[in-house]
Amino acid sequence: MSISTPRQTSGTTTTTTSVVTAAQSQRLVAAVSAMFLGAFLVYFAGFSHIDAVHNAAHDTRHSSAFPCH
Amino acid sequence: MFKRIAQTAGFTGLLAALLLTLLQSFWVAPLILEGEAYEEAPAAELHEHAEGAMAGHVHDEAAWEPENGWQRVLSTAGGNLVVAVGFALMLAALYTLRTPSRAREGVLWGLAGYAVFVLAPTLGLPPELPGTVAADLTQRQIWWVGTAASTAVGLALMVFAKHWLLKAVGAVILVVPHIVGAPQPAVHSALAPEALEAQFKIASLLTNAVFWIALGWISAWLFRRSDAPGTQTGLNHAL
């Protein structure tokens, strides 16, 4: 991933550092939210106690060795 | 950034779910159906006897259930898709923090996922056919999630930590759920014959291994492919 170079002509190490930090924190936020979304999807299909969801994903649960019944 | 994760996870999930559904339909699902045949026979008997005592009890019949055949296959494919996209989102999230240097490295991530979500939990709660007596569902789910989480943290420390002490802590965290032990029923019993249960365990463990290796490899390949410097417009977008 390329880090965009600061546009200001007065660009110093401080500016570069702040850009790098911003990109890093942005990346971290994206990663953490994707992680939560992924965990929610797995929870919904694999662990939800809603009867219809359990029945629909029943074979998925057994086959993936998720606790079932 | 998030677009790249979502794209990777979406396509990876789709491909891996297709593969899993194919393997399941030919190998795992027939065993589940066979197991259900054992489950349904005594259940019908029990229901008759218990009718008086269960008056007013609302059965699961109200909830929708797919018909055997295409409806059930499609419904399972849907379940597989949701689970596969979920796992692929987690992998792609990790790749944004530590991009694989080559697609083959994804296989290692896939194997780690297999260890976290399949191997470690099945050490305490092996794959079971319908009709197997087990401990309380919520208790088992809590142990499953706890085991997956501690295996993930333990493995990460053992692989990425620099200091030997941290690696040792990782090994301890990895082992703790197995020392605590999975919730077990008072008496173990299963309606299906032991040979069928054994066959199901092997089928489940092997199909999941193939699924995870495919998931890791495809996700790393797609994630790297979308990282063509200068050509990727969505790359610098905020969330």
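**Figure 1. Chain A reads α-α-α along its sequence.** The model is predicted. Chain A holds three helices and zero strands. Of its 69 residues, 32% are buried.

**Figure 2. Close-up of A:Ala65, a residue with positive phi.** A:Ala65 sits in the segment after helix 3 (58-63) of chain A. Its phi is near 65°, a positive value in a residue other than glycine. A:Ala65 counts as buried because it has 23 C-beta neighbours inside 10 Å, and the cut-off for burial is 20 or more.

**Figure 3. Chain B follows the pattern α-α-α-α-α-α.** Chain B has six helices and zero strands. Buried residues make up 37% of its 239 residues. Among contacts in chain B with a separation of 6 or more, 85% join residues 24 or more positions apart.

**Figure 4. The contact between chain A and chain B.** Chain B contributes 47 residues and chain A contributes 33 residues. On the side of chain B that touches chain A, helix 1, helix 2, helix 3, helix 4 and helix 6 each supply at least two residues. Helix 2 of chain B gives the most to this side, with 16 residues. By class, the side of chain B that touches chain A has 29 nonpolar, 14 polar and four charged residues.

**Figure 5. The largest nonpolar core draws on both chains.** The core has 53 residues. B:Ala84, B:Ala88, B:Leu89, B:Ala92 and B:Leu215 touch the most other members. At least two residues each come from helix 1 (13-47) of chain A and from helix 1 (2-50), helix 2, helix 3 (105-124), helix 4 (137-160) and helix 6 of chain B. Helix 2 of chain B supplies the largest share of this core, 14 residues. In soluble globular proteins, nonpolar side chains tend to be buried together.

**Figure 6. Helix 2 of chain B crosses helix 6 of chain B at roughly 50°.** Helix 2 spans residues 70-97 of chain B, and helix 6 spans residues 194-225 of chain B. Their axes come within 10 Å. The angle makes helix 2 of chain B oblique to helix 6 of chain B. The crossing of helix 2 and helix 6 of chain B is right-handed. From helix 2 of chain B, the contact uses B:Ala84, B:Phe87, B:Ala88, B:Leu91, B:Ala92 and B:Tyr95. From helix 6 of chain B, the contact uses B:Leu215, B:Gly216, B:Ser219, B:Ala220 and B:Phe223. Nine of the residues in this contact of helix 2 with helix 6 of chain B are nonpolar, two are polar and none is charged. B:Ala84, B:Ala88, B:Ala92 and B:Leu215 of this contact are also among the residues that touch the most other members of the largest nonpolar core.

**Figure 7. Helix 4 and helix 5 of chain B pack at an angle of about 165°.** Helix 5 covers residues 164-180 of chain B, and the axes of helix 4 and helix 5 are 7 Å apart. That angle makes helix 4 of chain B roughly antiparallel to helix 5 of chain B. The crossing of helix 4 and helix 5 of chain B is left-handed. On helix 4 of chain B, the residues in contact include B:Trp143, B:Gly146, B:Thr147, B:Ser150 and B:Thr151. They also include B:Val153, B:Gly154, B:Leu155, B:Leu157 and B:Met158. Helix 5 of chain B meets them with residues including B:Leu166, B:Lys167, B:Val169, B:Gly170 and B:Ala171. B:Ile173, B:Leu174, B:Val176 and B:Pro177 of helix 5 of chain B also take part. The contact of helix 4 with helix 5 of chain B has twelve nonpolar, six polar and one charged residues.

**Figure 8. Close-up of B:Glu36 in helix 1 of chain B.** B:Glu36 is partly exposed, with 19 other C-beta atoms within 10 Å. Along the chain, B:Glu36 and B:Ala209 are 173 residues apart. Their C-alpha atoms are separated by 24 Å.

**Figure 9. Close-up of B:Trp70 in helix 2 of chain B.** B:Trp70 is exposed, with 9 other C-beta atoms within 10 Å. B:Trp70 and B:Trp164 are 94 residues apart along the chain. The C-alpha atoms of B:Trp70 and B:Trp164 are separated by 53 Å.

Note on methods: Residues are numbered from 1 along each chain as its sequence is written. Chains are lettered from A and ligands numbered from 1 in the order in which they are written. This is a predicted model: local features need pLDDT of at least 70, side-chain atom pairs count only at pLDDT 80 or more; totals for chains, interfaces and linings use all residues. Axes are lines fitted to C-alpha atoms, for helices over the stretch in contact, and angles run from 0 to 180 degrees between N-to-C directions. Helices (H or I, at least four residues) and strands (E, at least two) are DSSP runs, numbered from the N terminus. Angles under 35 degrees count as roughly parallel, over 145 as roughly antiparallel, 65 to 115 as roughly perpendicular and the rest as oblique. A crossing is left-handed if the near helix is turned anticlockwise from the far one by less than a right angle, and right-handed if clockwise. Two residues are in contact if their C-beta atoms, placed from the backbone, lie within 7 Å. Ala, Val, Leu, Ile, Met, Phe, Trp, Tyr, Cys and Pro count as nonpolar, Asp, Glu, Lys and Arg as charged, and the others, Gly among them, as polar. A nonpolar core is a set of buried Ala, Val, Leu, Ile, Met, Phe, Trp, Tyr and Cys residues joined through C-beta atoms within 7 Å. A residue is buried if 20 or more other C-beta atoms lie within 10 Å of its own, exposed if 12 or fewer, and partly exposed in between; C-beta atoms are placed from the backbone.
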